[in-house]
Amino acid sequence: MSADEPSRPASVDAAAATGPRRSQARRVVLWSGAAFAAIVVVLAFGLGALIWSAKHPAGSAWVLGFVPGLTVVEPKGSLVGDFSATRVVYVVPGVGELRLDAPRWHALAAAHGDRGRWLHLVIDTLHADRAVWIAVQSTGPASTGPQTLRLPIE
């Protein structure tokens with residue numbers, strides 16, 4: 001220290017040294033809190049969109065458009081509850097195509113499953129006027145089947 005500089009108490013020097021650390025810690029806490037809040041908002045929005053898409057006709061039609069290989073012609077109703085369509089076509093690449101004419105169900109309900117299954121579906125009535133499977137003709141070796149037919153839903 002030079003002679004023209006005023007002397008500072010040691011407590012002021014210690015506070016000046018810890019000041020940047022405190023502001024950096026405060027900044028980390030604020031960023032962490034903001035990130036956590038953003039995650040909560042995104043999850044809440046996703047859950048709300050999922051519930052809306054399952055229980056409202058417009059949402060059901062919107063979500064069906066995102067299923068790869070699925071074409072639904074004139075969907076009516078919601079996925080949870082009563083649903084019908086003119087035709088449903090599901091294409092499994094390299095395997096075949098499933099066509100359902102006038103599929104419909106009444107009183108579909110979904111709940112949390114048990115015994116290792118993650119979803120429990122109950123359908124009062126399920127009907128299609130016609131179901132057609134069109135297999136793709138392959139020249140290669142036959143594919144092997146699955147080891148188990150247990151579904152993750154009941």
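This is a short walk through a predicted model of one protein chain.

Hi everyone, thanks for coming. Please keep in mind throughout that we are looking at a prediction.

Let me begin with the overall layout. The chain has 154 residues, and 12% of them are buried. Its secondary structure comes to two helices and nine strands. If you read along the sequence, the order is α-α-β-β-β-β-β-β-β-β-β, with helix H1 covering residues 10-55 and helix H2 covering residues 57-64. Taking the contacts with a separation of 6 or more, 37% are between residues 24 or more positions apart. As for the outside, the chain exposes about 11,900 Å², and carbon and sulfur atoms supply 66% of that area.

Now to the inside. Which residues make up the largest nonpolar core? There are five of them: Leu64, Leu79, Phe83, Ala85 and Val88. As general background, nonpolar side chains in soluble globular proteins tend to be buried together. If you click on Leu64 and set aside its neighbours within four places in sequence, you will find contacts with Leu70, Val72, Leu79 and Phe83. Two of those partners, Leu79 and Phe83, are also members of the core.

While you are in that area, have a look at Ser60, which sits in helix H2. Is Ser60 buried or exposed? Ser60 is buried, with a relative accessible area of 0%. Again leaving out neighbours within four places, Ser60 is in contact with Ser53, Ala54, Gly77, Ser78 and Leu79. You will recognise Leu79 there from the core.

Next, the aromatics. The structure holds three aromatic pairs. One of them is formed by Trp52 and Trp62, a tilted pair with 6.0 Å centre to centre and 50° between the planes. Trp52 lies in helix H1 and Trp62 in helix H2, so this pair ties together parts that are 10 residues apart in sequence. Both tryptophans have some surface showing: Trp52 is partly exposed at 37% relative accessible area, and Trp62 is partly exposed at 44%. Add Phe66 and you have one aromatic cluster of Trp52, Trp62 and Phe66.

On to charges. Side chains of opposite charge can pair when their charged atoms come close. This model has five salt bridges, and I will show you three, starting with Arg87 and Asp101. Their side chains meet at 3.0 Å, N to O. The pair links distant parts of the chain, with Arg87 in strand S4 (residues 87-92) and Asp101 in strand S5 (residues 96-101), 14 residues apart.

What else does Asp101 form a salt bridge with? The partner is Arg130, with the closest N and O atoms 3.3 Å apart. Arg130 belongs to strand S9 (residues 130-135) and Asp101 to strand S5, so this second pair ties together parts that are 29 residues apart in sequence. Put together, Arg87, Asp101 and Arg130 are linked in a network of salt bridges. Within that network, Asp101 is buried at 17% relative accessible area, while Arg87 is partly exposed at 32% and Arg130 is partly exposed at 49%.

The third example is Glu74 with Lys76, where the side chains meet at 3.9 Å, N to O. Lys76 counts as partly exposed, at 45% relative accessibility.

Let's move to the surface. Val67, Tyr90, Val95, Leu98 and Trp133 make a nonpolar patch of about 420 Å². Val67 comes from the loop between H2 and strand S1 (70-73), and is partly exposed with a relative accessible area of 34%.

Last stop: backbone angles. Most residues other than glycine have a negative phi, and most peptide bonds are trans. Ala102 has a positive phi of about 55° although it is not a glycine. You will find Ala102 in the loop between S5 and strand S6 (104-111), where it counts as buried at 19% relative accessibility. Ala107 also has a positive phi, at about 60°. Ala107 lies in strand S6 and is partly exposed, with a relative accessible area of 34%.

To recap, then: a nonpolar core that includes Leu64 and Leu79, a cluster of Trp52, Trp62 and Phe66, and a salt-bridge network of Arg87, Asp101 and Arg130. Thanks for listening!

Conventions:
Residues are numbered from 1 along each chain as its sequence is written. This is a predicted model: local features need pLDDT of at least 70, side-chain atom pairs count only at pLDDT 80 or more; totals for chains, interfaces and linings use all residues. Side-chain values use heavy atoms; hydrogens and water are left out. A nonpolar core is a set of buried Ala, Val, Leu, Ile, Met, Phe, Trp, Tyr and Cys residues joined through side-chain atoms within 4.5 Å. Buried means under 20% relative accessible area, exposed over 50%, partly exposed in between (1.4 Å probe, protein chains only). Contact means heavy atoms within 4.5 Å. Rings of Phe, Tyr and Trp (its six-membered ring) pair if their centres lie within 6.5 Å; planes under 30 degrees apart count as stacked, over 60 as edge-to-face and the rest as tilted. Helices (H or I, at least four residues) and strands (E, at least two) are DSSP runs, numbered from the N terminus. Accessible areas come from the Shrake-Rupley method with a 1.4 Å probe; for residues, only the protein chains shown count as cover. A salt bridge is a side-chain nitrogen of Lys or Arg within 4 Å of a carboxyl oxygen of Asp or Glu. Patches are made of residues with over 30% relative accessible area and no salt bridge: like charges are joined within 9 Å, nonpolar side chains (Val, Leu, Ile, Met, Phe, Trp, Tyr) within 5 Å.
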